[in-house]
Amino acid sequence: MHVGWVGFGHSISGIRRNLRQLEYHTVKILPASVDDAEAILAIWNPVIAGTTVTFNNVEKSRTDVATMIKDRHTAGREFLVAHQGDNLLGFATYGPFRSGSGYANTVEHTVILAEQAKGNGVGRALLTALESHAKANGIHSMIASVSAENTIAVAFHKTLGFEQVAYIPEAGRKFGRWLDVVFLQKIL
Ligand SMILES: CC(C)(COP(=O)(O)OP(=O)(O)OC[C@H]1O[C@@H](n2cnc3c(N)ncnc32)[C@H](O)[C@@H]1OP(=O)(O)O)[C@@H](O)C(=O)NCCC(=O)NCCS
């Protein structure tokens, strides 16, 4: 799959954005392979260590990521990467929302891009591809669990048709402070 071309807008900022998107026109969205683990780590671990985008503060190893890719694919779930030439720009994956057979048709996903790849439609391409995979595999509903202070990710999900369904104050703790979490859901 390639990142879609959206056509030229009429404003200067629209033209600038479309020129950036042209640069990203050659991006390919592919199922992750274990060979991608190192490049995924290079994107993921700084987000874990330095931000509240994820509440987790335990950095992952190459084995953790390689195992996750294998396990997701074995379970019929998806783990996608966005490649441009030799560069891995980002990844997206989904897994269980909650344990228990009654939740089997609801999944929770993650999308994370390299800093330099943001704002060019790559996140949209990854999440759209993830949704297609989920829908084709009987998933009814996708949920994003987003730090409330991550307003960009909240806006991103709303643009892609997700609806805010819950706001849980002080659900997480990182860097010595409480963090609120927003759940955004899309019925597929
Ligand atoms: C959230 C994230 C995946 C978005 O990916 P992206 O490729 O930058 O987003 P896109 O370029 O595809 O933008 C799609 C829409 O999201 C919204 N959006 C993206 N960046 C935005 C920003 N900085 N401010 C406001 N809205 C923004 C816009 O509505 C945009 O639509 P438009 O291009 O028509 O204006 C990316 O910023 C990221 O990796 N963030 C860190 C990790 C994270 O927060 N993941 C989400 C938790 S699951």
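# Exercises on the ligand shell, the sheet and the core

Of the 20 residues around the ligand, those that come nearest are Leu113, Gly123, Arg124, Ala153 and Thr159, where a residue is near a molecule or strand if its C-beta atom, placed from the backbone, lies within 6 Å of it. The structure is a predicted model, in which local features need pLDDT of at least 70 and side-chain atom pairs count only at pLDDT 80 or more, while totals for chains, interfaces and linings use all residues. Residues are numbered from 1 along each chain as its sequence is written.

## Exercise 1: the ligand shell

Identify the elements that give two or more residues to the shell around the ligand, and describe the chemical character of that shell.

**Solution.** Begin with the elements, which are DSSP runs numbered from the N terminus, helices being H or I runs of at least four residues and strands being E runs of at least two. Two or more shell residues come from each of strand S4 (106–113), helix H4 (122–136), strand S5 (141–147) and helix H5 (151–159). The largest share, 5 residues, comes from H5.

Next, sort the shell residues by type, counting Ala, Val, Leu, Ile, Met, Phe, Trp, Tyr, Cys and Pro as nonpolar, Asp, Glu, Lys and Arg as charged, and the others, Gly among them, as polar. The division is 11 nonpolar, 7 polar and 2 charged.

## Exercise 2: the order of the elements

How many helices and strands does the protein chain have, and what pattern does the protein chain follow along the sequence?

**Solution.** The count comes to 5 helices and 7 strands. Reading along the sequence then gives α-β-α-α-β-β-β-α-β-α-β-β.

## Exercise 3: pairing of S2, S3, S4 and S5

Trace the pairing from S2 through S3 and S4 to S5, giving the sense of each pair.

**Solution.** Two strands pair if DSSP finds at least two bridges between them. The first step joins S2 to S3, which run antiparallel over 6 bridges, with leucine 80 opposite alanine 92 in S3. These two strands form a hairpin with 2 residues between them, and in its turn glycine 85 has a positive phi of about 60°.

The second step leads from S3 to S4, again in the antiparallel sense, over 7 bridges. Here glycine 90 has leucine 113 in S4 as its bridge partner, and proline 96 stands opposite valine 107 in S4. The third step, from S4 to S5, is in the parallel sense over 3 bridges, and threonine 106 stands opposite serine 141 in S5.

## Exercise 4: the faces of S4

Which residues of S4 lie on the covered face, and which on the uncovered one?

**Solution.** Start from the general rule that in a regular strand the side chains alternate between the two faces of the sheet. In S4 the covered face holds Val107, His109, Val111 and Leu113, and the uncovered one holds Thr106, Glu108, Thr110 and Ile112.

## Exercise 5: H4 and the core

Compare the expected span of H4 with that in the model, then follow its buried residues into the core.

**Solution.** The expected span of a helix is 1.5 Å times one less than its number of residues, so the 15 residues of H4 should span 21 Å, and the 21 Å between its end C-alpha atoms agrees.

Now apply the burial rule: a residue is buried if 20 or more other C-beta atoms, placed from the backbone, lie within 10 Å of its own, exposed if 12 or fewer do, and partly exposed in between. By this rule Val122, Gly123, Ala125, Leu126, Leu127, Leu130, Glu131 and Ala134 of H4 are buried. They pack against strand S1 (28–31), strand S2 (79–84), strand S3 (87–96), S4, S5 and H5.

A nonpolar core is a set of buried Ala, Val, Leu, Ile, Met, Phe, Trp, Tyr and Cys residues joined through C-beta atoms within 7 Å. The largest such core has 37 residues, and Leu80, Ala82 and Leu126 have the most contacts inside it. H4 gives the most to this core, with 6 residues. Two residues are in contact if their C-beta atoms, placed from the backbone, lie within 7 Å; alanine 82 touches Val27, Ile29, Leu89, Gly90, Val122, Ala125 and Leu126, not counting residues up to four places away in sequence.

## Exercise 6: positive phi outside glycine

Decide whether glutamate 170 and phenylalanine 175 are buried or exposed.

**Solution.** Glutamate 170, in strand S6 (residues 163–174), has a positive phi of about 50° although it is not a glycine. Glutamate 170 is exposed, because 10 other C-beta atoms lie within 10 Å. Phenylalanine 175 lies in the loop between S6 and S7 and has a positive phi near 50°. Phenylalanine 175 counts as exposed, because it has 9 C-beta neighbours inside 10 Å.
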